[in-house]
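Visitor: Please pick one part of this model and take me through it closely. I would like the cut-offs along with the numbers.

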Amino acid sequence: MLSKKIEKALNSQIQIEAQSSQVYLSMASWAENQGFEGVAQFMYAHSDEERMHMLKLVKFVNERGGHARVSSLEEPSAKFGSFKDMFQTLFDHEVMVSASINDLVHISLEERDYATHNFLQWYVAEQIEEEALARNILDKINLIGDDKGGLYLFDNDVKQLVGQQAPPA
Ligand code: FEO
């Protein structure tokens with residue numbers, strides 16, 4: 001059985017994952033509008049992944065006798081400036097998500113909830129992957145700078161990353 005404190009913290013993580021899915025969906029739409037098909041595909045897939053992260057939490061909370069909540073979300077930005085800005089936003093967002101997962105792990109230990117602690121290890125590993133991927137993409141963008149041809153090739157490159165965003169659940 002989940003303590004009220006853990007239940008509340010897990011529900012707040014459900015909201016963060018749902019919000020992440022919305023943010024990446026908005027990035028996908030923006031990239032698609034700019035004609036960058038590869039980046040759009042990458043962001044659509046990433047948005048789906050976040051929904052999967054959310055659902056995994058929903059099922060866990062309910063399985064453990066809690067009540068997973070579906071809460072309202074903020075409208076994400078619709079414009080992201082440049083690719084560099086957009087991937088920087090993605091990276092910063094993932095750093096925030098990692099911090100939130102770390103807080104959750106901390107609470108699970110405080111509450112001596114070892115089942116939740118064990119469950120959260122998947123998210124800890126996932127956040128390492130997500131941050132590394134975002135950092136890797138940012139490094140590539142920094143190499144390209146504003147070169148149009150380079151950005152075109154980058155868009156194709158990113159297509160190859162679709163499906164590699166996360167280990168299977
Ligand atoms: Fe579900 Fe990208 O963190």
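Guide: What follows sets out the whole chain briefly, then goes to one loop residue and its surroundings, and ends with other sites.

This is a predicted model, so local features are given only at pLDDT of at least 70, and side-chain atom pairs only at pLDDT 80 or more, while totals for chains, interfaces and linings use all residues. Residues are numbered from 1 along each chain as its sequence is written, and side-chain values use heavy atoms, without hydrogens or water.

The overall frame comes first. The protein chain has five helices and zero strands (DSSP runs numbered from the N terminus: H or I over at least four residues for a helix, E over at least two for a strand). Read from the N terminus, the order is α-α-α-α-α. The C-alpha atoms fill a box of roughly 55 × 25 × 25 Å along the principal axes. The radius of gyration is 17 Å, which agrees with the value near 15 Å for a compact globule of 169 residues (C-alpha atoms; the rule is 2.2 Å times the number of residues to the power 0.38).

Next, cover and contacts. Of the 169 residues in the protein chain, 47% count as buried (under 20% relative accessible area; exposed is over 50%, partly exposed lies in between, with a 1.4 Å probe and protein chains only). Take the contacts between residues at least 6 apart in sequence: 83% of them join residues at least 24 apart (contact means heavy atoms within 4.5 Å). The chain exposes about 9,100 Å², and carbon and sulfur atoms supply 52% of that area (Shrake-Rupley, 1.4 Å probe; for residues, only the protein chains shown count as cover).

Now the close look, at A68. This residue is in the loop between α2 and α3. A68 counts as buried because its relative accessible area is 10%. What does A68 touch, leaving aside neighbours within four places in sequence? Its contacts are N11, I14, V58, V61 and N62. There is also a spacing to note: the C-alpha atoms of A68 and L55 are separated by 9.6 Å, and the two residues are 13 apart along the chain.

Follow the contact to N11. That residue is in helix α1, which spans residues 4–33. N11 counts as buried, because its relative accessibility is 14%. Outside its neighbours within four places, N11 is in contact with H67, A68 and R69. The R69 link has an atomic detail. The side chain of N11 reaches the backbone nitrogen of R69 at 2.7 Å (a polar contact is an N or O pair within 3.5 Å; within protein, one must be able to donate a hydrogen and the other to accept it, and residues adjacent in sequence count only if both atoms are side-chain atoms).

Then take the contact to V58. This residue is in helix α2, residues 37–63. With neighbours within four places set aside, V58 is in contact with I14 and A68. I14 is on the contact list of A68 as well. V58 and N11 are 47 residues apart along the chain, and their C-alpha atoms are separated by 7.9 Å. So much for the loop and its partners.

Other sites lie further along. S98 is in helix α3. S98 counts as buried, because its relative accessibility is 10%. Not counting residues up to four places away, S98 touches Q127 and E131. With E131, the polar contact runs from side chain to side chain at 2.5 Å.

L133 is in helix α4. L133 is buried at 13% relative accessibility. From L133 to L161 the C-alpha distance is 9.1 Å, with their places 28 residues apart in sequence.

Last comes a loop residue in another setting. R112 is in the loop between α3 (83–110) and α4 (114–144). Is R112 buried or exposed? R112 is exposed, because its relative accessible area is 64%. Its phi is near 55°, a positive value in a residue other than glycine. Most residues other than glycine have a negative phi.
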